[in-house]
Amino acid sequence: MDNNPYAAPRASVVENTALALLPDFSPAYLRRLGWLSLISLMASLVLLLMAVQQQTLPGAGRQLADWLGLALVLLGNYLLLCLKGFVEARFAAAGLSWPVWLMVVGGLLLELLDFIFGKELFSGFNLPGISYFAVMAAYGLATLWLGVRLLQVENVYPSLRLLAWLDIAGGLLMASVVLVLLAIVPLLGSSLALTAVFFRGAQEQVSLAQTAQGSGLGSVPVSSQPRRSLF
């Protein structure tokens with residue numbers, strides 16, 4: 001019986017994170033991040049195709065691939081920092097700083113080593129090659145760490161949960177070094193999931209703003225969390 005005074009109290013096991021307007025993440029900004037994520041994914045596919053045909057590319061084509069790789073690393077780091085800030089603001093996530101910053105530094109180091117040494121990295125058992133694969137393994141572990149941290153965040157979007165699992169799979173494969181080529185598939189999927197996260201966030205913020213306008217200011221709270229810097 002619902003009115004049974006001896007019945008055990010009913011309560012949600014997990015309290016939902018309160019929805020709030022996020023001043024630092026407007027719908028337009030989140031949509032822009034979503035499109036940048038999609039552009040990053042498309043450019044990664046182009047770069048992958050160029051890498052497969054590297055032997056037939058002219059000198060100018062190889063230089064273009066190098067600069068495109070650098071641009072993608074910088075864009076990827078920016079999107080990663082934006083994801084960190086958004087997940088912290090929207091879901092009150094904690095513990096993302098270390099894995100995110102390790103991925104940022106690791107990605108830059110990998111690109112720097114490739115830019116400086118080029119084919120020498122894979123020409124034999126040498127110090128630059130050992131350093132490159134060591135950084136790659138560390139990057140994979142950081143990606144795995146980020147995925148585990150994201151899985152610990154409660155009441156998230158399905159796309160963010162998918163992103164976490166793909167990061168775990170891609171991080172494990174990359175950390176193994178010998179299976180790094182297989183890591184391309186889950187990591188590309190992670191980029192697609194990141195696009196969905198930003199677009200879902202934009203849609204949610206639009207709905208909250210419309211609710212606030214329709215029912216009067218103050219009906220939908222503005223996040224009272226301290227302003228979070230991406231850095």
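What share of the 231 residues of the chain counts as buried? In this predicted model, the figure comes to 39%. The secondary structure consists of 6 helices and 0 strands, and a walk along the sequence gives the pattern α-α-α-α-α-α. Among contacts in the chain with a separation of 6 or more, 72% join residues 24 or more positions apart. On the outside, the chain exposes about 13300 Å², and carbon and sulfur atoms supply 67% of that area.

Helix α1 is a good place to begin a closer look. This helix covers residues 27-52, 26 residues in total, and from its first C-alpha to its last it reaches 38 Å. That span is close to the 38 Å expected at 1.5 Å a residue. The buried residues of α1 are Tyr29, Leu30, Leu33, Gly34, Ser37, Ser40, Leu41, Ala43 and Met50. Some of the spacing in this list can be read against helix geometry: an α-helix has 3.6 residues a turn, so residues three or four places apart point the same way.

Ser40, one of the buried residues of α1, makes a handy example. Its relative accessible area is 9%, and Ser40 therefore counts as buried, the cut-off being under 20%. Once its neighbours within four places in sequence are left aside, Ser40 is in contact with three leucines, namely Leu72, Leu75 and Leu79.

A second serine invites a similar reading. Ser159 belongs to helix α5, which spans residues 158-175. With a relative accessibility of 14%, Ser159 also falls under the 20% cut-off and so counts as buried. Leaving aside neighbours within four places in sequence, the contacts of Ser159 are with Ala193, Ala196 and Val197.

The surface offers a contrasting picture. Trp67, Val105, Leu109, Leu112, Phe115 and Ile116 together make a nonpolar surface patch of about 600 Å². Which helix gives the most to the nonpolar patch? Helix α3, residues 97-117, does, with 5 residues. Ile116 is located in this helix and is also among the members of the patch. Its relative accessibility is 55%, so Ile116 counts as exposed, the threshold being over 50%.

Taken together, these examples show both sides of the model: Ser40 in α1 and Ser159 in α5 are buried at 9% and 14%, whereas Ile116 in α3 is exposed at 55%.

Definitions and conventions
Residues numbered from 1 in each chain as written. Predicted model: local features only at pLDDT ≥ 70, side-chain atom pairs only at ≥ 80, totals over all residues. Heavy atoms only, no water. Helix = DSSP H or I, 4+ residues; strand = E, 2+ residues; numbered from the N terminus. Expected span 1.5 Å × (residues − 1). Buried < 20%, exposed > 50% of the residue type's maximum accessible area, 1.4 Å probe, protein only. Contact = heavy atoms within 4.5 Å. Patch = residues over 30% accessible without salt bridge, like charges linked within 9 Å, V, L, I, M, F, W, Y side chains within 5 Å. Areas by Shrake-Rupley, 256 points an atom, 1.4 Å probe, with all protein chains shown as cover. Salt bridge = Lys/Arg side-chain N within 4 Å of Asp/Glu carboxyl O.
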